[in-house]
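Q: Hey, could you help me look over a model? I'd like to talk through how some of its helices pack, and then any holes inside.

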Amino acid sequence: MKDSMDQTQRLLGQSLSTPTSKPKKKRTAVISFFSKISWKLRFQKRESLKNVFFILAERARDPSAKKRYLAMKGLGTMANEAPNQVRKYKKIVLDLLVHGLYDPVSSEVIHESLKALSIILGKIQGKSLGSFFIDITLQTRILLDDENDNVRYSAFVLFGQLAAFAGRKWKKFFISQVKQTRDSLLTHLQDSNPQVAKACKTTVRACSPYLKLRKEYNFQNEEERRNPKLCRQLSHCHPELLQFFYANKIL
């Protein structure tokens with residue numbers, strides 16, 4: 001078993017260090033290796049996982065976008081398959097993934113970072129994020145309008161999770177972020193990609209508790225006079241969205 005684990009670590013290091021100029025067949029083998037990392041993680045001891053983790057952490061900041069992408073994908077898989085190990089190095093992992101959200105050239109790296117953060121937040125239930133909550137929220141909000149469909153979808157999923165985990169500590173901050181996000185929410189409710197539109201609707205629901213509803217009814221009466229047909233349609237089909245629009249005065 002030890003020889004097998006050593007071989008896995010060597011393969012991981014070799015795969016991540018494969019030059020991008022290698023033939024397509026070789027690069028496909030690298031991706032295939034990472035697709036099987038989930039299976040291998042189940043059979044590796046804690047010490048071996050530690051070694052794999054530090055290899056991934058090193059490659060997460062590699063100049064090669066392909067290596068960064070594979071590293072982020074590996075971190076997401078590790079978070080899913082070995083959450084206890086990831087909790088042990090949570091600050092390092094979060095720092096790497098937040099850095100991945102700002103990748104200057106690769107939407108694939110950003111997408112994998114968003115997905116991995118969603119997995120981690122789910123595993124730790126948003127606890128003990130510290131200032132990472134602010135960093136993640138600020139950049140995720142920007143990515144809601146990204147041109148890449150996959151990035152937008154994962155950003156909406158993550159933003160909805162952040163709404164669930166904001167709690168008292170970050171409530172005021174998150175309220176301000178929701179207010180700044182309302183144009184994006186309105187736009188992407190009609191997103192050209194149906195999956196993005198669906199994720200956006202779910203996020204609107206998750207964000208609704210952070211909206212101030214003072215004078216809602218007076219405003220509602222005013223808006224109903226100005227947009228009676230729209231209000232009736234929303235009231236019938238999407239009452240939670242109508243409440244959101246009233247609260248933010250954005251009908």
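Q: Is the crossing where H10 passes H11 left-handed or right-handed?
A: H10 passes H11 in a left-handed crossing. Keep in mind that this is a predicted model.

Q: OK, and at roughly what angle do the axes of H10 and H11 cross?
A: The axes of helix H10 (residues 149-165) and H11 cross at roughly 145° and come within 12 Å.

Q: Which residues in H10 and H11 meet there?
A: From H10 you have Arg152, Phe156, Phe159, Leu162 and Ala163. They meet Phe174, Gln177, Val178, Thr181, Ser184, Leu185 and His188 in H11. By class, that contact has seven nonpolar, four polar and one charged residues.

Q: Let's move along to H11 and H12. How do their axes sit?
A: Helix H11 (residues 171-188) and helix H12 (residues 194-207) have axes that come within 11 Å and cross at roughly 150°. That makes H11 roughly antiparallel to H12. H11 passes H12 in a left-handed crossing.

Q: And which residues are touching in that pair?
A: On the H11 side, Phe174, Val178, Leu185 and His188. On the H12 side, Val196, Ala197, Cys200, Thr203, Val204 and Cys207. The class count for this contact is eight nonpolar, two polar and no charged residues.

Q: What about H10 and H12, are they parallel or antiparallel, and why?
A: Their axes cross at roughly 15° and come within 9 Å. H10 and H12 are therefore roughly parallel to each other. The crossing of H10 and H12 is left-handed.

Q: Which residues make that contact?
A: H10 brings Asp149, Arg152, Tyr153, Phe156, Val157, Phe159, Gly160 and Ala163. H12 brings Gln195, Val196, Ala199, Cys200, Thr203, Ala206 and Cys207. Sorted by class, you get 10 nonpolar, three polar and two charged residues.

Q: Switching topic: how many cavities of 30 Å³ or more does the structure hold?
A: Two. The second largest has about 50 Å³ of space in it.

Q: What lines the second largest cavity?
A: Ala79, Pro83, Val86, Arg87, Lys90, Val93, Ile120, Lys123 and Ile124. Helix H6 (83-88), helix H7 (90-101) and helix H8 (107-124) are the elements that give two or more residues to that lining.

Q: How many of those lining residues are nonpolar, and how many are charged?
A: Six are nonpolar and three are charged, with no polar ones in the lining.

Terms used: Residues numbered from 1 in each chain as written. Predicted model: local features only at pLDDT ≥ 70, side-chain atom pairs only at ≥ 80, totals over all residues. Heavy atoms only, no water. 1 Å grid on protein atoms, 1.4 Å probe; cavity = no way out; pocket = protein on both sides within 12 Å on 5 of 7 lines; lining within 4 Å. Points joined across faces, edges and corners; volume = space filled by probe spheres on them. Helix = DSSP H or I, 4+ residues; strand = E, 2+ residues; numbered from the N terminus. Nonpolar A, V, L, I, M, F, W, Y, C, P; charged D, E, K, R; others polar. Axes fitted to C-alpha atoms, helices over the stretch in contact; angles between N-to-C directions. Parallel < 35°, antiparallel > 145°, perpendicular 65-115°, else oblique. Left-handed = near helix turned anticlockwise from the far one by under 90°. Contact = heavy atoms within 4.5 Å.
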